[in-house]
Amino acid sequence: MSPGPVQTVLLLLCTGLSVALAASLFLKPGMGYVRWYVIAGVAASLCLDALGVWGLPGDSGLAWTGPYMAVELTGAVTWMLFSRRYARPKEQSLSPALSWFAVAAIGTAAGICAAPAGILAVRAAAQNGPVFFLSAPGFLVRCATLTVLIMSLTALEATLVNSVHGQRWRIKFTILGCFSILGSHLFTLSLGLLYHTLDTSLAPARQTGFAIGTAFLLYSSLFRGGEAPVAVSKRLARTSVVLFGAGAYLLFLGALGLAMSLTGSAGNRALLLALGIVSGVGLLTLMLSERFRRKCTRLLQHYFYKEKYDYRTQWMSFTNRISSVRSRDGLYQAVLLGFCETFGMGGAVLYLKEPGGQAMVPATVWELDHIIPPRLDSKDGLVRRLQDGLAAVDIRQGISSASEQTAAFLSESQASFAVPLLQGESLEGLILMLKPIDETEEFNQEDFDLMEALGSQANAAILNLRLAELLTQARDMEVMGKVSTFIVHDLKNLVYTLSLIVDNAKRYIQDPAFQQDMLKGLENTVSKMHVLISQLRQLPTRENLSMETADLKQLVKETFKHASLDALVFDGDTVAAEVDRSQLQKVILNLVLNAREASPAGETVRVETGFDTTPYIKVIDNGPGMSDRFISESLFQPFKTTKSKGMGIGLYQCKQIVEAHGGTIEVSSAPGVGSEFTVRLPAPDAATQLEGA
């Protein structure tokens, strides 16, 4: 039976594209082994199509089934080797186990090629030509080929997913071409396995995919440049293994379904269905087993990677875990959980240095089964071993000089490793890892290096948390200090008033009129001190002011009635404003005292009241003045002062009080010409409107 014209044309097209691709690869420098893998894979696919077109359809087609399956398996292995080398760093390319697997597969293909006719398939006549039914060995060979093809597609998919933008631009058409060739082959192969046949009628579909894939490879070789190394993450590799296992289970279910359809007995069908349910539950049990997952991860790392850990992934995972918590206990638990998951442990204990001492006390535990961890003295053998070595310790090898209590705890809890938490060369704590999930797992220097790196990160996080707590305490103390400073400032003004009364009493104590004024002044001062104590110095707001209409000129005179100041001049007109008398008197007293301290001895300080656009009080001195920069940046800021004994509170407090009244403080000053402070307040009507708003 001769092939159809479509198959012949497609085969010629594939041949031409293959020759052009091989020529472009030979003309392209720097391809190395990748060049030969591509040429071998394309050549195997081309031979496969040629055998399918010219060999199998003829009368001697049964004799060609062995070479056909051998070429099929060899081509699949070649594509798998390509998928593991293409765009991969050298350390992530071929492992020794994979190389031996390839050698075994190619040896198997050679044996298949030499197998007698009829071992792999049985020829039968059909309406559309001969049909080759697969025997049990032939079915197994094609299942192996299918598995290798899936491995190749998985590796290429991992390479594409892990590539970044610039890398993906260079490699995507090569990978798409491989997807087209392998995908079309996988499709026709799976259909043949489903019906246990070698179906040559599907050759045009495979040839079409091969032609498209070869065209992509040729385009990539000519116009997209060489390969770009892509580092494939181990997490994605583990995900691919899980997907591969899920696919194998689905194939198993398909085989069960086929067996059920061929089994006539209801009892046999029920038995097969029960087998499917049991296998599914068993698979889920295995996937949820921490020990099984740990063993699978170890096997994957051993046979496909030289490094046991993906350090970037481990570091980011651990960092994200400990940075997402905000409490001390949450951080401690996150640290232990991170260590347990990374190194496959069933429990852990975090020890931290005792505050003010050298002993280690347990800060938190993880899955310790009610065993109470002991306090570790600074002279304990375990602590001394960590302090001297500054490195992780394998406790299973024994700890010399450990106390009896410590040795008993380490034995009972199945302690395996101790990781130091170091601040420079000082031991600040340690992490004990207990109960290995996989007791057969071997730990090497790579594990110890990662333990120490994560220990440094954990110690930094714990130290940052402690510093944050200390900073919070310092801020609380700062708030208390600020409140105390406000109280002290007001007390200072009241004490100043009392000192003036005492000074005047030395001269006028015999005067009955002065005695009456002194008693009123003392009563007024004591009343202010009671208010101050009851309020515990909260800054005034509109809501806690006792507003009333007052004459500003009279209010200024009352402020200094019982504590007259030398060289103080009152001027201006009578003007009404809506104020809190006691709070505004604080402002007047503070501004006048500041002006007097800034003025040279004998210079007058003038206090003026009046009305222009609003009621105002002006305090004018002839002091050294201030620069515009100082006024804008420092004048009304708390705790900033130019006085040797000042607190930097007075003007800040004055501004708060005036603004609570709905007014403003204006400053006019220049170096060498004195200063003028103007307190502007709302008129009674405006204040009433403001209060009602």
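The questions and answers below go through a predicted model and ask how some of its features earn their names.

Q: Why is Phe223 called exposed?
A: Phe223, which is found in helix H7, has a relative accessibility of 56%. A residue counts as exposed over 50%, so Phe223 at 56% is placed in that class.

Q: What makes a nonpolar surface patch of about 320 Å²?
A: The patch is made by Tyr219, Leu222 and Phe223.

Q: Why is Ser135 called buried?
A: The limit for the word buried is under 20% relative accessible area, and because Ser135 has a relative accessibility of 17%, it counts as buried. Ser135 is found in the loop between E2 and H5, and, if its neighbours within four places in sequence are left aside, it is in contact with Ile119, Leu120 and Ala121.

Q: What makes up the largest nonpolar core, and which residues have the most contacts inside it?
A: This core has 53 residues, and those with the most contacts inside it are Val38, Trp79, Phe82 and Leu217. Among the elements that give two or more residues to the core are helix H1 (5-27), helix H2 (33-55), strand E2 (131-134) and helix H7 (203-223), while H3 gives the most, with 10 residues. Val38, when its neighbours within four places in sequence are left aside, is in contact with Leu21, Leu25, Trp79, Phe82 and Leu217. A second, separate core has 33 residues, including Val579, Val592, Ile665 and Val679.

Q: Why is strand E7 described as largely enclosed by the rest of the structure?
A: Strand E7 covers residues 415-423, and seven of its nine residues are buried, so the strand is largely enclosed by the rest of the structure.

Q: How do you know that E7 pairs with E6 and with strand E8?
A: Two strands are said to pair if there are at least two bridges between them. Strand E6 (residues 393-394) and E7 are joined over two bridges in the antiparallel sense, and eight bridges join E7 to strand E8 (residues 426-436), again running antiparallel, so both cases satisfy the requirement of at least two. On the E6 side, the bridge partner of Val393 is Ala418 and Asp394 stands opposite Phe417, while on the E8 side Pro420 stands opposite Leu430.

Q: What makes E5 and E6 the edges of the open sheet?
A: The sheet has five strands in the order E5-E4-E8-E7-E6, with antiparallel pairing. Strand E5 (360-366) and E6 each have a single partner strand, so one side of each is left without a neighbour in the sheet.

Q: Why is Ile395 called buried?
A: Its relative accessibility is 8%, and because buried means under 20%, Ile395 counts as buried. Ile395 lies in the loop between E6 and helix H14 (404-412), and its C-alpha atom is separated by 5.0 Å from that of Ser416, 21 residues apart along the chain. Leaving aside neighbours within four places in sequence, Ile395 is in contact with residues including Leu410, Phe417 and Leu432.

Q: How do you know that Arg396 and Asp394 form a salt bridge?
A: The closest N and O atoms of this pair are 3.1 Å apart, and since a salt bridge needs a side-chain nitrogen of Lys or Arg within 4 Å of a carboxyl oxygen of Asp or Glu, the pair qualifies. Asp394 is buried, with a relative accessible area of 12%, whereas Arg396 counts as partly exposed at 41% relative accessibility.

Q: What makes Glu428 and Lys353 a salt bridge that links distant parts of the chain?
A: Their side chains meet at 3.8 Å, N to O, a value that falls within the 4 Å limit. Glu428 is in strand E8 and Lys353 is in strand E4 (residues 345-353), 75 residues apart, so the pair links distant parts of the chain. Lys353 counts as buried at 17% relative accessibility.

Q: Why is Gly662 called partly exposed?
A: Partly exposed is the class between under 20% and over 50%, and because Gly662 has a relative accessible area of 40%, it is partly exposed. Gly662 is found in the loop between H20 and strand E14 (664-669) and takes a positive phi of about 90°.

Terms used: Residues numbered from 1 in each chain as written. Predicted model: local features only at pLDDT ≥ 70, side-chain atom pairs only at ≥ 80, totals over all residues. Heavy atoms only, no water. Core = buried A, V, L, I, M, F, W, Y, C linked by side-chain atoms within 4.5 Å. Buried < 20%, exposed > 50% of the residue type's maximum accessible area, 1.4 Å probe, protein only. Helix = DSSP H or I, 4+ residues; strand = E, 2+ residues; numbered from the N terminus. Contact = heavy atoms within 4.5 Å. Patch = residues over 30% accessible without salt bridge, like charges linked within 9 Å, V, L, I, M, F, W, Y side chains within 5 Å. Areas by Shrake-Rupley, 256 points an atom, 1.4 Å probe, with all protein chains shown as cover.
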